[in-house]
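Visitor: I should like a close look at one part of this protein, the packing around its first helix. Please describe that part in detail and place it within the whole.

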Amino acid sequence: MTNKPHYSPSCIDEAVDNHADAVYRLALNQLRSPSDAHDVVQEVFLRLLTSTTTFTSQDHLRAWLIRVAINVCHDMQKSAWNRRVGAWDTTDAEATHPEPSAEDEALEKLYQHPVWKALEELPEDMRLVVQLRYVEEMDDKRIAEVLGVQPVTVRTRLHRARARLRDLLLHAVPAPEKNAAPREQEKGSPAAHSPPASMTQDASIPC
């Protein structure tokens, strides 16, 4: 028996406008596939349509949506299709968009960003707390509620994640060659091997 819609179309539209981006970012962070991330967004808001949860605030609603998104991502990661194809498969995207779109190019730049690559190396529990703290700007208490853990666990994971990210980013920046002749830098251009300042600060994880 199919559950009847609990929320009106206007309520769903408002939730999509306010929170779809957060759900998509979380799904992209977990699955590393734009097409899968879009599928997660669709599934999450379909579940909202029939949810009987009474939300006390937009923050409560966003936390619920992200919790559901995490569960949907886990389901997709466990599926036989994802085990067979892998999270980084781009065959469908290439077949559908033989010429890269602006979104494709932006995503490609994101995938090549040192911080994104470093995040990929983190265990899932650390990657999630980094995403929720620095991208979704949740506090320890709310993150703990979303993940079903204690706030002290969140703080521990964040501490370990920051330490691991610093180590990964330091190794990601090539050291200058000892015997290389100094090259005059053009006025206004960044140093060849200097990472952006945001990459060397604890709380600077790109969205």
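Guide: A suitable point of entry is Val-40, which, apart from neighbours within four places in sequence, is in contact with Val-23, Ala-27, Leu-31, Ala-69, Val-72, Cys-73 and Met-76. The model is a predicted one, and every statement that follows should be read in that light. Val-40 is also one of four residues, with Val-44, Phe-45 and Leu-48, that touch the most other members of the largest nonpolar core, a set of 50 residues. Two or more residues of this core come from each of helix 1, helix 2, helix 3 (58-78), helix 7 (114-121), helix 8, helix 9 and helix 10 (151-172). The greatest contribution is that of helix 3, which supplies 11 residues.

The setting is as follows. The protein has 10 helices and 0 strands, and its pattern along the sequence is α-α-α-α-α-α-α-α-α-α. Of its 207 residues, 35% are buried. Where contacts join residues at least 6 apart in sequence, 70% of them link residues at least 24 apart.

Two packed helices are described by the angle between their axes and the distance between the axes. For helix 1 and helix 2 (residues 34-50), the axes come within 8 Å and cross at roughly 140°. Helix 1 is therefore oblique to helix 2, since an angle counts as roughly antiparallel only when it is over 145 degrees. The crossing of these two helices is right-handed. On the side of helix 1, the contact is made by Ile-12, Ala-15, Val-16, His-19, Ala-20, Val-23, Tyr-24, Ala-27, Leu-28 and Leu-31. Helix 2 answers with Pro-34, Asp-36, Ala-37, His-38, Val-40, Val-41, Val-44, Phe-45, Leu-48 and Leu-49. Sorted by class, the residues of this contact are 17 nonpolar, 2 polar and 1 charged.

Asp-21 also lies in helix 1. Its relative accessibility is 54%, so Asp-21 counts as exposed. Between Asp-21 and Val-41 the separation is 20 residues in sequence and 8.7 Å in space, taken from C-alpha to C-alpha.

A second partner of helix 1 (residues 9-31) is helix 8 (residues 124-135): their axes come within 11 Å and cross at roughly 155°. Helix 1 is therefore roughly antiparallel to helix 8. This crossing, too, is right-handed. From helix 1, Arg-25, Leu-26, Asn-29 and Gln-30 meet Glu-124, Arg-127, Leu-128, Gln-131, Leu-132 and Val-135 of helix 8. The residues of the contact comprise 4 nonpolar, 3 polar and 3 charged.

Beyond the surroundings of helix 1, one further residue deserves attention. Asp-140 is placed in helix 9 (residues 140-147). With a relative accessibility of 17%, Asp-140 counts as buried, because the limit for that class is under 20%. Setting aside neighbours within four places in sequence, Asp-140 is in contact with Arg-133, Pro-151, Val-154, Arg-155 and Leu-158.

In summary, helix 1 is oblique to helix 2 and roughly antiparallel to helix 8. The contact with helix 2 has 17 nonpolar residues, whereas the contact with helix 8 has 4.

Methods: Residues are numbered from 1 along each chain as its sequence is written. This is a predicted model: local features need pLDDT of at least 70, side-chain atom pairs count only at pLDDT 80 or more; totals for chains, interfaces and linings use all residues. Side-chain values use heavy atoms; hydrogens and water are left out. Axes are lines fitted to C-alpha atoms, for helices over the stretch in contact, and angles run from 0 to 180 degrees between N-to-C directions. Helices (H or I, at least four residues) and strands (E, at least two) are DSSP runs, numbered from the N terminus. Angles under 35 degrees count as roughly parallel, over 145 as roughly antiparallel, 65 to 115 as roughly perpendicular and the rest as oblique. A crossing is left-handed if the near helix is turned anticlockwise from the far one by less than a right angle, and right-handed if clockwise. Contact means heavy atoms within 4.5 Å. Ala, Val, Leu, Ile, Met, Phe, Trp, Tyr, Cys and Pro count as nonpolar, Asp, Glu, Lys and Arg as charged, and the others, Gly among them, as polar. Buried means under 20% relative accessible area, exposed over 50%, partly exposed in between (1.4 Å probe, protein chains only). A nonpolar core is a set of buried Ala, Val, Leu, Ile, Met, Phe, Trp, Tyr and Cys residues joined through side-chain atoms within 4.5 Å.
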